[in-house]
Amino acid sequence: MHLHKYEKIWLTFGFAALIIFLSVVGVSAFHQGHTPAGGLQKVDPDNLESTPPFDNPGVHEKKDGSYEVAVVAEAFGYTPGKIQVPAGEKVTFKVTSKDVTHSFSIVDTNVNMMVVPGQVNEKTHVFRDPGKYLIVCNEYCGSGHHFMSMEIEVVD
Ligand code: CUA
């Protein structure tokens, strides 16, 4: 193999650039793995019964007057299947899955979360209008996917 001097320089430069590129990509991937977007909380999907707030799924009023709703998704439903929350108050949904990936999508709102086993996903919403809202699963999760739903009644 007979390389011209300049070819050698370019080859070295190209190789160095590749190493730098791979390091940057590797480091970013590493950082993302350790600080997931949105600061997701981790949870053991096999121990939800003893992990607050999932040990007590449902609506909980907090000291500041806002509400927290703990929801556990599993094929093919949500626990609890029906809740009541007041209109005009901050409602924070904390959801996780017992088995596979689902979604928690409140029809006609901007609440549309992935529900992933091992993670807690969180979204706060204020319901302006009283009425019934439907929550559906938008992630295909198996034979009962289309029947997976939950109901929220927003009261005055
Ligand atoms: Cu759960 Cu689709």
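**Strand 8 and the open sheet**

Good morning. I begin with a pairing: strand 7, residues 102-106, runs antiparallel to strand 8, with four bridges between them. I should say at once that the model is predicted.

Within this pair, His-102 has Val-115 of strand 8 as its bridge partner. The two strands make up a hairpin, and five residues lie between them. In that turn, Asp-108 has a positive phi of about 70 degrees.

Let me turn to strand 8 itself, which covers residues 112-115. Which of its residues lie on the covered face, and which on the uncovered one? Met-113 and Val-115 belong to the covered face, whereas Asn-112 and Met-114 belong to the uncovered face. Val-115, the partner of His-102, is therefore on the covered side of strand 8.

I now move to the other neighbour of strand 7. Strand 10, residues 131-136, is joined to strand 7 by two bridges, and the two run antiparallel. Here Ile-106 of strand 7 has Ile-135 of strand 10 as its bridge partner. Ile-135 also stands opposite Met-150, a residue of strand 11. Strand 11 spans residues 149-155, and its antiparallel pairing with strand 10 extends over six bridges.

These pairings can now be placed in the sheet. In what order do the five strands lie? The order is 5-11-10-7-8, in an open sheet whose pairing is mixed. Strand 5, residues 82-86, and strand 8 stand at the edges; each has a single partner strand, so one side of each is left without a neighbour in the sheet. From one strand to the next, the twist averages 25 degrees. As a general reminder, strands of a sheet pair through backbone hydrogen bonds, in either a parallel or an antiparallel sense.

Finally, I come to the chain as a whole. Its secondary structure consists of one helix and eleven strands. Read from the N terminus, the helix precedes the strands, in the run α-β-β-β-β-β-β-β-β-β-β-β. The chain has 156 residues, of which 33% are buried. What share of the contacts between residues at least 6 apart in sequence joins residues at least 24 apart? That share is 58%. The chain exposes about 9,800 Å², and carbon and sulfur atoms supply 56% of this area.

To close, I return to the starting point: strand 8 pairs with strand 7 over four bridges and stands at an edge of the sheet. Thank you.

Note on methods:
Residues are numbered from 1 along each chain as its sequence is written. This is a predicted model: local features need pLDDT of at least 70, side-chain atom pairs count only at pLDDT 80 or more; totals for chains, interfaces and linings use all residues. Side-chain values use heavy atoms; hydrogens and water are left out. Buried means under 20% relative accessible area, exposed over 50%, partly exposed in between (1.4 Å probe, protein chains only). Two strands pair if DSSP finds at least two bridges between them. Axes are lines fitted to C-alpha atoms, for helices over the stretch in contact, and angles run from 0 to 180 degrees between N-to-C directions. Contact means heavy atoms within 4.5 Å. Accessible areas come from the Shrake-Rupley method with a 1.4 Å probe; for residues, only the protein chains shown count as cover.
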